[in-house]
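Work through the exercises below with the model open beside you. Try each task before reading its solution.

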Amino acid sequence: MKQTHNDCKEEPGLLVPVIDLNACEGKGPCIDVCPYHVLEMDSISDDTYKHLSFFGKLKTAVHGRDKAQVIKPDLCHSCGLCVTVCPEKAIKLKRR
Ligand code: SF4
């Protein structure tokens, strides 16, 4: 059954998405699926790039520096849609 944002049960901001930047390939379905515009695609900084793992840097070389970023964590309703839709399994919801 397809989940909608009406299925969200948590208070906004209790859980927040955490992006594994070593896994994210910047494909962006998480951006499109989020009903609350919590995420956006943006290029990672040189400093963030420096701290990626070997495989993270390899992925970034192939797919570019655009990766999902959490811009409005307070608006996350913990619906899990972004977690489900990510083809790289790069998103987890974590308690603040
Ligand atoms: S769980 Fe993901 S899709 Fe759902 S509100 Fe939070 S960031 Fe948006």
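The exercises go from the overall fold to single residues, and the model they use is predicted.

**Exercise 1. The fold**

Task: Find how many helices and strands the protein has, and in what order the elements run from the N terminus.

Solution:
- Step 1. Count the elements. The protein has four helices and four strands.
- Step 2. Read them off from the N terminus. The order is β-α-β-α-α-β-α-β.
- Step 3. Turn to the contacts with a separation of 6 or more. Residues 24 or more positions apart account for 83% of them.
- Step 4. Check burial. Of the 96 residues, 22% count as buried.

**Exercise 2. The ligand shell**

Task: Determine which residues come nearest to the ligand, and how the shell divides into nonpolar, polar and charged.

Solution:
- Step 1. Collect the shell. There are 14 residues around the ligand.
- Step 2. Pick out those that come nearest. They are C34, V38, C76, C79 and C82.
- Step 3. Sort the shell by type. The result is 11 nonpolar residues, three polar and no charged.
- Step 4. Place C79 from the nearest group. This residue lies in the loop between β3 and α4.
- Step 5. Decide on its burial. C79 counts as buried because it has 23 C-beta neighbours inside 10 Å, and the cut-off is 20 or more.
- Step 6. Relate C79 to C34. The two are 45 residues apart in sequence, yet their C-alpha atoms are 8.7 Å apart in space.

**Exercise 3. The nonpolar core**

Task: Identify the residues that touch the most other members of the largest nonpolar core, then trace the contacts of C82 and A68.

Solution:
- Step 1. Recall the background. In soluble globular proteins, nonpolar side chains tend to be buried together.
- Step 2. List the best-connected members. The largest nonpolar core has 15 residues, and C30, C34, L39, C82, C86 and I91 touch the most other members.
- Step 3. Follow C82. Beyond its neighbours within four places in sequence, C82 is in contact with P17, C30, V33, C34, L39 and I91.
- Step 4. Go to A68, in strand β3. A68 counts as buried because 28 C-beta neighbours lie inside 10 Å.
- Step 5. List its partners. Residues up to four places away aside, A68 touches I19, C24, C30, I31, L39 and M41.
- Step 6. Add a backbone distance. A68 and G26 are 42 residues apart in sequence, and 6.1 Å separates their C-alpha atoms.

**Exercise 4. Two helix residues**

Task: Decide whether D46 and V62 are buried or exposed.

Solution:
- Step 1. Locate D46. The residue is in helix α2, residues 46-50.
- Step 2. Count around D46. It has 7 C-beta neighbours inside 10 Å, so it counts as exposed.
- Step 3. Link D46 to R65. They are 19 residues apart along the chain, with C-alpha atoms separated by 9.5 Å.
- Step 4. Locate V62. The residue is in helix α3, residues 54-63.
- Step 5. Count around V62. It is exposed, because 8 other C-beta atoms lie within 10 Å.
- Step 6. Link V62 to E25. They are 37 residues apart along the chain, and their C-alpha atoms are separated by 8.7 Å.

**Exercise 5. Positive phi angles**

Task: Describe the backbone angle, position and exposure of H37 and S78.

Solution:
- Step 1. Start with H37. Its phi is positive, about 55°, although it is not a glycine.
- Step 2. Place H37. It lies in the loop between α1 (29-33) and β2 (39-43).
- Step 3. Judge its exposure. H37 is exposed, with 10 other C-beta atoms within 10 Å.
- Step 4. Turn to S78. Its phi is also positive, about 60°, and S78 is not a glycine.
- Step 5. Place S78. It lies in the loop between β3 (66-70) and α4 (81-85).
- Step 6. Judge its exposure. S78 has 19 C-beta neighbours inside 10 Å, so it counts as partly exposed.

Note on methods: Residues numbered from 1 in each chain as written. Predicted model: local features only at pLDDT ≥ 70, side-chain atom pairs only at ≥ 80, totals over all residues. Near = placed C-beta within 6 Å. Nonpolar A, V, L, I, M, F, W, Y, C, P; charged D, E, K, R; others polar. Helix = DSSP H or I, 4+ residues; strand = E, 2+ residues; numbered from the N terminus. Buried ≥ 20, exposed ≤ 12 C-beta atoms within 10 Å, placed from the backbone. Contact = placed C-beta atoms within 7 Å. Core = buried A, V, L, I, M, F, W, Y, C linked by C-beta atoms within 7 Å.
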